Amino acid sequence: HERLSGLIAATYTPLKTNGDLNLDQIPPLVDHLLGSGVTGMYVCGSTGEGMSLSTGERKQVTGAFMQAVNRRVPVIVQVGHNSLADARDLAQHAAEVGADAVSATCPSYFKVSDVPTLVDCMADLASAAPDTPFYYYHIPSLTGSSLDIVDFMRRGGDRIGNMVGLKYTDTKLHEFLECLTIDDGRFDIVWGCDEMLLGALATGANAAIGSTYNIAAPLYRQIIDAFTRGDMNAARQHQLRSVQMIRTIYQFPFHPAMKEVLGMLGIECGPCRLPQKRLSPGDTNRLMEDLQAIDFF
Ligand code: NAY
């Protein structure tokens with residue numbers, strides 16, 4: 001199994017105005033992402049509203065991305081679900097359609113009791129696709145579970161044969177460092193907070209998964225390139241631009257606003273599903289003006 005590298009877009013799921021899937025928009029979205037330098041795709045995650053789609057819809061979206069990407073870059077499919085049976089079904093489907101890896105959040109309605117129970121959950125889930133690499137998806141801000149992730153990786157690694165890594169979507173660089181160094185770097189640990197990419201690179205990240213790589217991969221590429229050649233001032237300037245861009249978008253409901261930005265870039269992705277709010281036309285205009293004011297367009 002090859003490690004992930006570079007900028008992996010947590011892809012948006014294009015919807016029609018009425019909220020139905022808009023699968024026809026997946027090939028243009030994929031072409032846009034590949035053209036902007038994205039080196040992998042993470043499908044049906046938080047950004048992709050995986051939790052707001054039915055199991056059947058998640059399979060359709062996964063199939064459409066697999067087809068559109070056509071093996072040009074790795075595709076990781078997020079299959080987390082409150083029902084572990086559904087999560088297993090999704091993992092099996094992802095393996096059948098040739099996903100490069102499966103990833104999953106923990107169940108989150110009932111909070112996972114403790115680390116050994118989390119290992120039980122993920123062992124059950126990952127065994128549904130035993131030949132497909134598995135990345136646990138740690139995102140405590142959304143799951144509400146903040147168990148000791150270092151302890152989980154150690155114990156899970158011993159029990160779950162296909163667990164190769166972790167999508168680390170928290171902001172604790174010291175904990176990220178510990179994860180990277182477990183058993184001399186046994187796991188592929190992928191960073192998940194776009195506004196802290198530079199700090200993650202300094203800590204040892206080799207790949208990052210995020211939402212804003214959908215709209216600004218070249219900017220993040222500049223951060224990586226400046227860091228690699230040791231030009232820290234330039235790297236900080238580029239990261240600051242990403243922080244300003246993200247702050248501008250966070251004035252509005254974040255993912256609905258991101259989908260509007262993609263629309264402005266020519267990739268119509270529609271609204272988000274409930275419970276996420278729609279942007280009013282006035283909000284969309286203000287978003288565009290504010291992004292123009294910071295020279296995003
Ligand atoms: C996913 O599964 O969609 C992700 O990769 C989530 C990563 C995002 N984090 C959260 C908490 O949603 O990309 C980040 C985030 O949107 C970005 O850093 C802006 O805050």
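**Exercises on the ligand site and Ser103**

In this predicted model, a polar side-chain atom of Tyr137 is placed 2.6 Å from an oxygen atom of the ligand.

**Exercise 1.** Describe how the protein encloses the ligand, beginning with polar atoms close to its oxygen atoms.

*Solution.*
Step 1. Besides Tyr137, the side chain of Tyr250 supplies a polar atom 2.9 Å from an oxygen atom of the ligand. From Ser46 it is a polar backbone atom that lies 3.0 Å from a ligand oxygen atom.
Step 2. Taken on its own, the ligand has 480 Å² of accessible area, of which the protein covers 91%.
Step 3. The ligand takes up the space of the largest pocket.

**Exercise 2.** Characterise the shell of residues around the ligand.

*Solution.*
Step 1. There are 18 residues around the ligand, and those that come nearest are Thr47, Tyr137, Lys167, Glu195 and Ser211.
Step 2. By class, the shell consists of eight nonpolar, seven polar and three charged residues.

**Exercise 3.** Locate Ser103, decide whether this residue is buried or exposed, and identify the side chain that Ser103 contacts.

*Solution.*
Step 1. Ser103 belongs to strand S4, which spans residues 101-104.
Step 2. A residue counts as buried under 20% relative accessible area. The relative accessible area of Ser103 is 0%, so Ser103 is buried.
Step 3. The side chain of Ser103 forms a polar contact of 2.7 Å with the side chain of Tyr42. This distance satisfies the cut-off, since a polar contact requires N or O atoms within 3.5 Å.

Definitions and conventions
Residues are numbered from 1 along each chain as its sequence is written. This is a predicted model: local features need pLDDT of at least 70, side-chain atom pairs count only at pLDDT 80 or more; totals for chains, interfaces and linings use all residues. Side-chain values use heavy atoms; hydrogens and water are left out. A residue is near a molecule or strand if one of its heavy atoms lies within 4 Å of it. A polar contact is a pair of N or O atoms within 3.5 Å; within protein, one must be able to donate a hydrogen and the other to accept it, and residues adjacent in sequence count only if both atoms are side-chain atoms. Accessible areas come from the Shrake-Rupley method with a 1.4 Å probe; for residues, only the protein chains shown count as cover. On a 1 Å grid over the protein atoms alone, a cavity is a set of points where a 1.4 Å probe fits but cannot get out, and a pocket is an open set with protein on both sides within 12 Å along at least five of seven lines; lining residues have an atom within 4 Å of a point. A molecule sits in a cavity or pocket if more than half of its atoms lie within 2 Å of its grid points. Ala, Val, Leu, Ile, Met, Phe, Trp, Tyr, Cys and Pro count as nonpolar, Asp, Glu, Lys and Arg as charged, and the others, Gly among them, as polar. Helices (H or I, at least four residues) and strands (E, at least two) are DSSP runs, numbered from the N terminus. Buried means under 20% relative accessible area, exposed over 50%, partly exposed in between (1.4 Å probe, protein chains only).
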